[in-house]
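Biologist: I'm new to this one and would like a quick tour. Could you bring it up on the screen before I start asking?

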Amino acid sequence: MRKSRAALIALAVLAAGVTPPAHAAARPSITVEQGRTQPVFSYADAVREHVYVESSLDSDSDGKLDRVRVDIIRPRESGPGLRVPVIIDESPYYDNSGRGNEAERKVYDDAGNVTKFPLYYDNYFVPRGYAVLHVDMIGTTRSDGCPDVGGRADVMGGKAVIDWLNGRATAYRADGTAAVADWTTGKAGMIGKSYDGTLANAVAATGVKGLETIVPISAISSWYRYQRSNGVVYNYDYMSWLGNYVDTDPPAKCAATWSRLDAEDGDDTGNYNPFWAERDYIAGSMADVSKVRASVFVVHTVNDLNVMPDNFSAWWKALAQRNVPRKIWVGQYQHVDPFDFEGRRDIWVDTLHRWFDRWLLGVENGIMREPRADVQTSLDRWITQRDWPAPLSLKIPFRPAADGSFGLVPARKGQKATFTDLRQSEDEMVADVGTVKPGRVAFTTGALPLDLRMSGTPVVDLRVALDAPTANLTALLVDFGEDSRIDWRRGQGISTVAEESCHGESTASDDACYRKVVTNRATRPLEIVARGWIDAQNRGSLSAPSPMTPGTYARIAWETLPQDYVFKKGHRLALVIAGTDATYSDETATGANVTVDLAASKVLVPLTLSTLSARDVPQDAARWRGPALVDLPEPENLFY
């Protein structure tokens, strides 16, 4: 009877076309296991949309505030009931050079939404409960305005996006209706390589609330350091060239901006002026490191001669002085993303994952209790240490002598060396160091009795006289010794292979797979380890030059670029002092004759004792003229 009655009810339900109620499926929520968020959200079903955030500036003078294009991908479940944190890559390169080793660009559907986001951030992090925003920098791709090349318009555009996420700025959809970010916690992180990472530094240095962390990769902290070294100009009219390159609008639109950049950059002097102060994020007029609220994960390479590595070392030092929570990776390649450090891709993605989980979601995963620095010290070796530079490194004074030696013993009083400020390449400067040449002087140690690791920034300290008001000076520290090295001059140190690795989820339009890389290697007889340049008249000030009095000696001291490098036992360490560097500068040589007082000159080289022990010191080290690091004297400037 009961069975018949149940059957009749079932038939009645089917006849009426009604489905019995079912328990609603549980909505996914951000899930953490083993200190990491888990991929519980669908990448294929994610919301893909775009908005235009209103900036506070009108950089193209069209009478309207600039609007910044923001392309968004976020979990479909995100909204007022599930607010998610945000990862931002703001870039000027989305429709010109593209992003990443495979030069990916944005791809749009008929509604104007992005179906393919460059890089893997979206594929990996959206399934784990993050929104990912790819922002077109002011004046580029689909944003309004004119690029300001690191200046106020660039920076305020990125800041406006953070403000919008936190309800402090206005955004509009394509139809003109207001867009509200009711799907986010307001906690944001910025990441990116080169210009993208530079924007992260800049926005963080405004002190904007809501920016919780940044990951600047090969990024600029001071545009002066990017295009100058102590008064020496790397490239003339570069800022207007770069602005024009990233702006794909008709040339006339921003012509006035390019003219302004050329007029204000001070190429004729190479001096630091208000133009560069506006673009200085360490101690600038618009943004500075004292305002930074965000934690900072710095990644840079010591052979990056695009964004010179003093951009990261000066930024890192300033962050440390203010106890900003921080982490660092230091590699040996050229201008390369850590995703493309051979053998480190999985480690990088996992480290980045835990970093964002810690700072955007508050996951206590221990990342801040780990060693602060990962450092590549040679071709195939990475180490971790509690900070960078190596905490136990000492500035050891190496001194040039008239016989061409380079060691711990000062030259005798009255010993001098002379050369002429000629324009020549680095290869010419370091060739045949035992031969006298008119455009340089060179000094070398004997064979090193043990491995020596340099970690940090050497300081060149010379007493010099000129027969003219100024000269361009170049100092090179060179490792002489046949060895297999990273060939960072070829392909920036990497070659792309066919095999791929995948990080995240894919769709037919946007896969998470990228080709692997291998390190380019070369056996070479030498490596230029550290480089430094100065215009002699800027020896006391970058903004107020002081010409030399011909025939009168003056102290000229400056930092080279930083480095982390192991000089191997049996190699020789050399110092080359020369004039104008044709490899990295557009400067014209002055032709001045330069006299160096050797007895009053030295180079302070940061060497670490942390890898040395008593058994490493050779028995005859005390007789060796070079830096054996046994029974060292303690000059007053040892910790300079």
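Modeller: Sure. A word on terms before we count anything: helices (H or I, at least four residues) and strands (E, at least two) are DSSP runs, numbered from the N terminus. Keep in mind that this is a predicted model.

Biologist: Okay, how many helices and strands does the protein have?

Modeller: Going by those runs, the protein comes out at 11 helices and 35 strands.

Biologist: What radius of gyration does the protein have, set against a compact globule?

Modeller: For 640 residues, a compact globule would come in near 26 Å. The protein agrees with that, because its own value is 28 Å. As for its extent, the C-alpha trace spans about 120 × 65 × 40 Å along the principal axes. So the radius of gyration you asked for is 28 Å.

Biologist: What share of the residues is buried?

Modeller: Buried here means under 20% relative accessible area. Of the 640 residues in the protein, the buried share is 58%.

Biologist: And which helix gives the most to the largest nonpolar core?

Modeller: Let's start with the core itself: it has 80 residues, and Ile 88, Leu 133, Trp 164, Trp 183, Trp 223 and Trp 315 have the most contacts inside it. The top contributor among the helices puts in 8 residues, and that's helix 3 (residues 152-165).

Biologist: How many residues are in the other core that lies apart from it?

Modeller: Tyr 124, Tyr 130, Val 232 and Met 308 are among its members. In total, this other core has 45 residues.

Biologist: How many residues of helix 4 are buried?

Modeller: Helix 4 covers residues 195-204 and is mostly covered. Its buried residues include Tyr 195, Asp 196, Asn 201 and Ala 204. The count is 10 of 10.

Biologist: Now Val 86: is it buried or exposed?

Modeller: You'll find Val 86 in strand 5 (residues 84-91). Its relative accessibility is 0%, and the cut-off is under 20%. Therefore Val 86 counts as buried.

Biologist: Which residues is Val 86 in contact with, leaving aside its neighbours within four places in sequence?

Modeller: Asp 62 is 24 residues away along the chain, and its C-alpha is separated from that of Val 86 by 31 Å. The contacts of Val 86, with those sequence neighbours left aside, are Ala 131, Leu 133, Leu 165, Trp 183, Thr 184, Lys 187, Ala 188, Gly 189 and Leu 360.

Notes:
Residues are numbered from 1 along each chain as its sequence is written. This is a predicted model: local features need pLDDT of at least 70, side-chain atom pairs count only at pLDDT 80 or more; totals for chains, interfaces and linings use all residues. Side-chain values use heavy atoms; hydrogens and water are left out. The radius of gyration is taken over C-alpha atoms; the globule rule is 2.2 Å times the number of residues to the power 0.38. Buried means under 20% relative accessible area, exposed over 50%, partly exposed in between (1.4 Å probe, protein chains only). A nonpolar core is a set of buried Ala, Val, Leu, Ile, Met, Phe, Trp, Tyr and Cys residues joined through side-chain atoms within 4.5 Å. Contact means heavy atoms within 4.5 Å.
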